[in-house]
Amino acid sequence: MATTSKSTKKKPTGVTGKMKDSEFHKFFVDGLKDIYWAEKHLAKALPKLQKASTSPELAAAFEKHTAETEEHIAKVEEVFSLLEEKASAKKCDAMEGLLEEATSMIEDTEEGTMVRDAGLILAAQKVEHYEIATYGSLRTFAENMGHTDVVNLLSEILENEKATDVALTEVAEGFVNEQAAEE
């Protein structure tokens with residue numbers, strides 16, 4: 001039974017014609033296109049960060065995140081499908097800048113040093129924080145529009161991004177930062 005009360009927390013599932021034409025839905029899809037571009041470009045950049053890493057632990061973290069990023073791309077494509085939208089990318093200026101900064105970290109630090117690893121972790125965590133903010137907002141948007149299946153996929157990605165951020169912090173605090181300070 002439908003209710004017109006605004007106090008109800010239940011939201012409809014699926015994409016209604018009215019919802020699909022709303023400005024909020026279009027804004028949401030635009031955000032998905034942005035993060036889709038970001039993930040695809042991150043997947044290309046992570047092997048470069050892995051190669052530039054000094055410590056095997058950091059290289060392994062980047063290798064793991066490359067595989068996870070490929071999974072994120074597939075999940076975002078699934079989100080587009082659930083929304084009956086074409087999976088397309090829109091240039092993400094934020095990710096482009098963050099990846100340029102990661103390249104600068106490599107260029108500005110000496111190969112084989114923990115200072116380089118500290119810089120790579122800094123650059124990677126900036127990327128993670130951008131992704132956490134984006135996926136958190138997109139998930140909330142999906143919740144507000146009643147896209148339950150989409151919420152679940154975006155939540156999975158969000159939790160993975162948070163776990164990657166924690167893993168990077170553990171590498172940094174475990175030994176990288178201390179050794180970098182001694183170099």
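Is Phe 80 buried or exposed? Phe 80 is buried, with a relative accessible area of 1%. This answer, like every value below, comes from a predicted model.

**The chain as a whole**

The chain holds six helices and zero strands. Read from the N terminus, the order of elements is α-α-α-α-α-α. Of the 183 residues in the chain, 43% are buried. The accessible surface comes to about 9,900 Å². Carbon and sulfur atoms own 52% of that surface. Contacts reach far along the sequence: among those with a separation of 6 or more, 80% link residues 24 or more positions apart.

**The nonpolar core**

In soluble globular proteins, nonpolar side chains tend to be buried together. The largest nonpolar core here has 50 residues. Four of its members touch the most other members: Phe 28, Leu 32, Met 95 and Leu 154. The elements that give two or more residues to this core are α2 (23-52), α3 (56-82), α4 (93-108), α5 (114-145) and α6 (148-182). The largest share comes from α2, with 13 residues.

Take Phe 28. Beyond its neighbours within four places in sequence, Phe 28 is in contact with Leu 83, Leu 138, Phe 141, Ala 142, Met 145, His 147, Val 150 and Leu 154. Leu 154 is itself one of the four core members named above.

**How α4 meets α5**

The axes of α4 and α5 lie 9 Å apart. They pack at an angle of about 175°. An angle over 145 degrees counts as roughly antiparallel, so α4 and α5 are roughly antiparallel to each other. From α4, the residues in contact are Ala 94, Met 95, Leu 98, Glu 101, Ala 102, Met 105 and Ile 106. From α5 come Arg 116, Gly 119, Leu 120, Leu 122, Ala 123, Lys 126, Val 127, Tyr 130 and Glu 131. By class, this contact has 11 nonpolar, one polar and four charged residues. Met 95, on the α4 side, is also among the core members with the most contacts to other members.

**Residues inside α2 and α3**

Phe 80 lies in helix α3. Setting aside neighbours within four places, Phe 80 is in contact with Val 29, Leu 32, Lys 33, Tyr 36, Glu 85, Lys 86, Ala 87 and Ser 88. Leu 32 in that list is one of the four core members already named.

Ala 43 sits in helix α2. At 9% relative accessibility, Ala 43 counts as buried. Leaving out residues up to four places away, Ala 43 touches Thr 66, Thr 69, Glu 70 and Ile 73.

Thr 69 belongs to helix α3. What is the relative accessibility of Thr 69? The value is 0%, so Thr 69 counts as buried. Outside the residues up to four places away, Thr 69 touches Glu 39, Leu 42, Ala 43 and Leu 46.

**Buried His 72 and Glu 128**

His 72 is placed in helix α3. His 72 is buried, with a relative accessible area of 3%. Not counting residues up to four places away, His 72 touches Glu 39, His 65, Tyr 135, Ile 157, Asn 160 and Glu 161.

Glu 128 is found in helix α5. At 2% relative accessibility, Glu 128 counts as buried. Which residues does Glu 128 touch, not counting those up to four places away in sequence? They are His 65, Glu 161, Thr 164, Asp 165 and Leu 168. His 65 and Glu 161 also appear among the residues that His 72 touches.

**Pairs apart in sequence**

The table gives separations along the chain and between C-alpha atoms.

| Pair | Apart in sequence | C-alpha to C-alpha |
|---|---|---|
| Phe 80 and Tyr 36 | 44 residues | 9.9 Å |
| Glu 128 and Val 166 | 38 residues | 9.8 Å |
| Ala 43 and Ala 67 | 24 residues | 8.1 Å |
| Thr 69 and Leu 46 | 23 residues | 9.1 Å |

**An exposed loop residue**

Most residues other than glycine have a negative phi. Glu 84 has a positive phi of about 60°, although it is not a glycine. Where is Glu 84 placed? Glu 84 is in the loop between α3 and α4. Glu 84 is exposed, with a relative accessible area of 63%.

Conventions: Residues are numbered from 1 along each chain as its sequence is written. This is a predicted model: local features need pLDDT of at least 70, side-chain atom pairs count only at pLDDT 80 or more; totals for chains, interfaces and linings use all residues. Side-chain values use heavy atoms; hydrogens and water are left out. A nonpolar core is a set of buried Ala, Val, Leu, Ile, Met, Phe, Trp, Tyr and Cys residues joined through side-chain atoms within 4.5 Å. Buried means under 20% relative accessible area, exposed over 50%, partly exposed in between (1.4 Å probe, protein chains only). Helices (H or I, at least four residues) and strands (E, at least two) are DSSP runs, numbered from the N terminus. Contact means heavy atoms within 4.5 Å. Axes are lines fitted to C-alpha atoms, for helices over the stretch in contact, and angles run from 0 to 180 degrees between N-to-C directions. Angles under 35 degrees count as roughly parallel, over 145 as roughly antiparallel, 65 to 115 as roughly perpendicular and the rest as oblique. Ala, Val, Leu, Ile, Met, Phe, Trp, Tyr, Cys and Pro count as nonpolar, Asp, Glu, Lys and Arg as charged, and the others, Gly among them, as polar. Accessible areas come from the Shrake-Rupley method with a 1.4 Å probe; for residues, only the protein chains shown count as cover.
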